[in-house]
Amino acid sequence: MRVHDISQRRACRLVGVDPKTVRRERPPDCPEIRKEMQDIAGKRRRFGYRRIGVLLERKGMIMNHKKLYRLYREEGLSVKRRRGRKRARGTRTPMPEAARPNARWSLDFLSDSFGASRKFRILAVIDDCCRENLCLVADTSISGARVARELDALVRIYGKPACIVSDNGTEFTSRAILKWADQNDVPWHYIDPGKPQQNAFIESFNGSLRDELLNEEIFDTLDDARRKLALWRYDYNTVRPHSSLGNKTPTEARRTLEQFEGSAPGALAQTETEDYQTQTRRLSL
């Protein structure tokens, strides 16, 4: 019909076929079973055709497993295999450009050891615009709730960031962090798995920290590690020149940007509460 441009009636007459046979659409077989399968699959989305068949048999709908599988495929009920662990979705908006302080913060974890090879972790937070290291928190275990508390303390000191970038670590995808981001209305951007280059600023900072301190020092205790981290952080922010900042320090870069924008440092008004002083003291360790 498509090649010779003839009507359907004439084509059926030439091949000796009744036009009613060609035009008739075959109705789906077993509509009751199909509907029941859809109902079961809607309530139990991870059930395959075998378990659905067992539930159908309990309702008196018994059939050959080959027919059951055919109906199952025709209804589009095949279950896709899950690969990898569940990951937090985060925001779908593109990351904002780090053109001013607090436009974007980056978070990551490092690990090292002290004493008799006892492991500890370090939470690092930097401001991507001025490359300032906002905190280095060291402890033997840092949970998502602990990360949320440290972020609360940082917000009191530096103000709220416009965006936070991190990987898909379990601490950053925990319920505590998701709740914190929702309550503070801070977009949280998760980089793609296996793509550390998408969080290049914190990766560069991690390289400097490991090359200049972690690979150079031996830590006797956790307090010794915290003290040396605090000293290195002060040197990094106020003494060490950065080529990406025109050989300025991060503190000088922040001050220059704030003066250029005509705004004083935000959220620096300190309270006299014991809770604030305790959190500030913890950030310096």
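Is Arg226, at 17% relative accessibility, buried or exposed? Let us work up to that and a few related puzzles together.

This is a predicted model, in which local features need pLDDT of at least 70, side-chain atom pairs count only at pLDDT 80 or more, and totals for chains, interfaces and linings use all residues. Residues are numbered from 1 along each chain as its sequence is written, and side-chain values use heavy atoms, with hydrogens and water left out.

**Exercise 1. Place Arg226 and describe its surroundings.**

Step 1. Arg226 sits in helix H9; helices (H or I, at least four residues) and strands (E, at least two) are DSSP runs, numbered from the N terminus.

Step 2. Its relative accessibility is 17%, so Arg226 counts as buried. The cut-offs are under 20% relative accessible area for buried, over 50% for exposed, and partly exposed in between, with a 1.4 Å probe and protein chains only.

Step 3. Look next at the side chain: Arg226 and Asp139 are joined by a polar contact of 3.5 Å. Such a contact is a pair of N or O atoms within 3.5 Å; within protein, one must be able to donate a hydrogen and the other to accept it, and residues adjacent in sequence count only if both atoms are side-chain atoms.

Step 4. Arg226 and Val137 are 89 residues apart along the chain, yet their C-alpha atoms are separated by 7.7 Å.

Step 5. Val137 belongs to strand S3 (residues 133-139) and is buried, with a relative accessible area of 2%. From Val137 to Val147, 10 residues apart in sequence, the C-alpha distance is 9.2 Å.

**Exercise 2. Follow H4 as it meets H3 and then H5, and state how each pair is oriented.**

Step 1. Start with H3 (residues 31-43) and H4 (residues 49-58): their axes come within 10 Å and cross at roughly 120 degrees. Axes are lines fitted to C-alpha atoms, for helices over the stretch in contact, and angles run from 0 to 180 degrees between N-to-C directions.

Step 2. H3 and H4 are therefore oblique to each other. Angles under 35 degrees count as roughly parallel, over 145 as roughly antiparallel, 65 to 115 as roughly perpendicular and the rest as oblique.

Step 3. The H3 and H4 crossing is right-handed. That label applies if the near helix is turned clockwise from the far one by less than a right angle, and left-handed if anticlockwise.

Step 4. On the H3 side, Ile33, Glu36, Met37, Ile40 and Ala41 meet Ile52, Leu55 and Leu56 of H4, where contact means heavy atoms within 4.5 Å. This contact of H3 with H4 has 7 nonpolar, no polar and 1 charged residues. Here Ala, Val, Leu, Ile, Met, Phe, Trp, Tyr, Cys and Pro count as nonpolar, Asp, Glu, Lys and Arg as charged, and the others, Gly among them, as polar.

Step 5. For H4 and H5, the axes come within 10 Å and cross at roughly 110 degrees, which makes H4 roughly perpendicular to H5. This crossing is right-handed.

Step 6. H4 contributes Tyr49, Ile52, Gly53 and Leu56, while H5 contributes His65, Leu68, Tyr69 and Tyr72. By class, the contact of H4 with H5 has 6 nonpolar, 2 polar and no charged residues.

**Exercise 3. Describe how H8 packs on H9, the helix that holds Arg226.**

Step 1. The axes of H8 (residues 200-214) and H9 (residues 222-238) come within 12 Å and cross at roughly 120 degrees, making H8 oblique to H9.

Step 2. The handedness of the H8 and H9 crossing is right-handed. Phe205, Ser208, Leu209, Glu212 and Leu213 of H8 make the contact with Lys228, Leu229, Trp232 and Tyr236 of H9.

Step 3. Sorting the residues of the contact of H8 with H9 gives 6 nonpolar, 1 polar and 2 charged.

**Exercise 4. Compare two loop residues, Asn102 and Ser117.**

Step 1. Asn102 is not a glycine, yet has a positive phi of about 70 degrees. Asn102 is in the loop between helix H5 (65-74) and strand S1 (105-114), and at 10% relative accessibility counts as buried.

Step 2. Ser117, also a residue other than glycine, has a positive phi near 60 degrees. Ser117 lies in the loop between S1 and strand S2 (118-127) and, at 60% relative accessibility, counts as exposed.
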